[in-house]
Amino acid sequence: MIANGATIVSVNVGRTRQFEYEERAVQSAIWKNPVTGRIAVRGVNLDGDEQADRRAHGGPDKAVYAYAIEDTRWWEKQIGRPLSYGNFGENLTTQGIDVNDALIGEHWKIGTTVLEVSEPRVPCWRLGVRMNDKLFPRRFTEALRPGSYLRIVVEGDVGAGDEIRIIERPNHTMTIRDVFRIYSRDHAEVETLLSIPQLSESWKRWATKVATKG
């Protein structure tokens with residue numbers, strides 16, 4: 001299956017940097033910049049890329065982050081200024097595929113890699129720093145345009161211009177946007193997350209905790 005000519009517009013990586021935030025020393029690798037050529041995708045990230053906090057932003061279930069250029073352009077209109085590739089901390093800037101409506105467990109073939117849609121991005125204060133707006137994480141949440149984290153199923157390499165092919169879809173209808181919506185506002189639907197086998201263990205623990213409280 002082909003996602004209607006979907007492609008990778010830009011591949012972006014970044015190293016951890018230290019800076020001061022609210023009078024304390026912190027670090028983040030949210031600053032990602034476009035790179036040229038073929039980039040290896042292996043282990044739990046892309047070559048040349050880092051996550052400062054692997055518990056919150058890395059690991060197998062959050063190895064690669066994809067955000068759509070269409071959503072970036074939407075944000076440009078909302079905030080009234082241009083945004084560059086990688087501005088949301090994404091590794092893959094996509095075009096022609098709705099990353100928010102991708103199904104949990106969907107498989108994408110990009111270059112020589114196969115990646116699996118795993119979970120939505122939950123914004124933290126670092127996104128506010130990157131956007132120079134402390135309130136931006138709240139705006140990001142309200143917009144329901146979280147982008148998608150991806151697992152590495154088959155290691156390989158990717159590059160700008162690569163086609164995105166959807167090669168496998170699971171037998172359910174739970175999308176990235178659905179998970180994020182349930183997380184951020186619709187807790188009454190939380191038990192539906194527990195029926196999705198491809199959902200990460202951390203999300204299942206959260207859903208179980210919320211369902212138990214309910």
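Modeller: Let's start with two tyrosines: Y65 and Y67 are both buried. Please keep in mind that this is a predicted model.

Biologist: Happy to. Why are the rings of Y65 and Y67 called a tilted pair?

Modeller: Their centres are 6.2 Å apart, within the 6.5 Å allowed for a pair. Their planes meet at 40°, which is neither under 30 degrees (stacked) nor over 60 (edge-to-face), so the pair is tilted. The structure holds 17 aromatic pairs. Y65 and Y67 also belong to one aromatic cluster, together with W74, W75, F88, F136, F140 and Y149.

Biologist: W74 has a charged neighbour, I think. What makes you say that R145 sits over the ring of W74?

Modeller: The charged end of R145 is 4.0 Å from the ring centre of W74, and the limit for that distance is 6 Å. Another ring of the cluster, that of Y149, has K62 over its face, at 6.0 Å from the ring centre.

Biologist: Let's turn to helix α6. How do you know that its length agrees with what a helix should span?

Modeller: Helix α6 has 13 residues, 201-213, and at 1.5 Å a residue these should span 18 Å. The C-alpha atoms at its ends are 18 Å apart, so the two values agree.

Biologist: And what makes you say that the buried residues of α6 line one face?

Modeller: The buried residues are W203, K204, W206, A207 and V210. Looking down the axis of α6, you find them within an arc of 160°, so they line one face of the helix. The face turned away from them carries R205, K209, T212 and K213, which are exposed.

Biologist: What covers the buried residues of α6?

Modeller: The cover includes β10 (113-120) and α5 (176-184). Helix α5 has buried residues of its own, namely I176, V179, F180, R181 and I182. Their cover includes β10, α4 (136-143), β11 (148-154) and α6.

Biologist: Which residues have the most contacts inside the largest nonpolar core?

Modeller: They are V64, L92, W108, I110, L150 and L193, in a core of 37 residues. Helix α6 provides the largest share of this core, four residues. Another core, of 15 residues, lies apart from it and has Y67, L127, M131 and F140 among its members.

Biologist: Why does H107 count as buried?

Modeller: Its relative accessibility is 10%, and buried means under 20%, so H107 qualifies. H107 lies in strand β9 (residues 107-110). Beyond its neighbours within four places in sequence, H107 is in contact with V114, L115, E116, V153, R165, I166, I167 and E168.

Biologist: Now for the backbone. What makes the phi of N132 worth a second look?

Modeller: N132 is not a glycine, yet its phi is near 55°, a positive value. Most residues other than glycine have a negative phi. N132 is placed in the loop between α3 (125-130) and α4. L144 has a positive phi too, of about 55°, although it is not a glycine, and L144 is in the loop between α4 and β11.

Biologist: How do you decide whether N132 and L144 are buried or exposed?

Modeller: N132 has a relative accessible area of 73%, which is over 50%, so N132 is exposed. L144 is at 13%, under the 20% limit, and therefore counts as buried.

Technical notes. Residues are numbered from 1 along each chain as its sequence is written. This is a predicted model: local features need pLDDT of at least 70, side-chain atom pairs count only at pLDDT 80 or more; totals for chains, interfaces and linings use all residues. Side-chain values use heavy atoms; hydrogens and water are left out. Helices (H or I, at least four residues) and strands (E, at least two) are DSSP runs, numbered from the N terminus. The expected span of a helix is 1.5 Å times one less than its number of residues. Buried means under 20% relative accessible area, exposed over 50%, partly exposed in between (1.4 Å probe, protein chains only). The arc is that of the directions from the helix axis to the C-beta atoms. Contact means heavy atoms within 4.5 Å. A nonpolar core is a set of buried Ala, Val, Leu, Ile, Met, Phe, Trp, Tyr and Cys residues joined through side-chain atoms within 4.5 Å. Rings of Phe, Tyr and Trp (its six-membered ring) pair if their centres lie within 6.5 Å; planes under 30 degrees apart count as stacked, over 60 as edge-to-face and the rest as tilted. A charge sits over a ring if NZ of Lys or CZ of Arg is within 6 Å of the ring centre and within 35 degrees of the ring normal.
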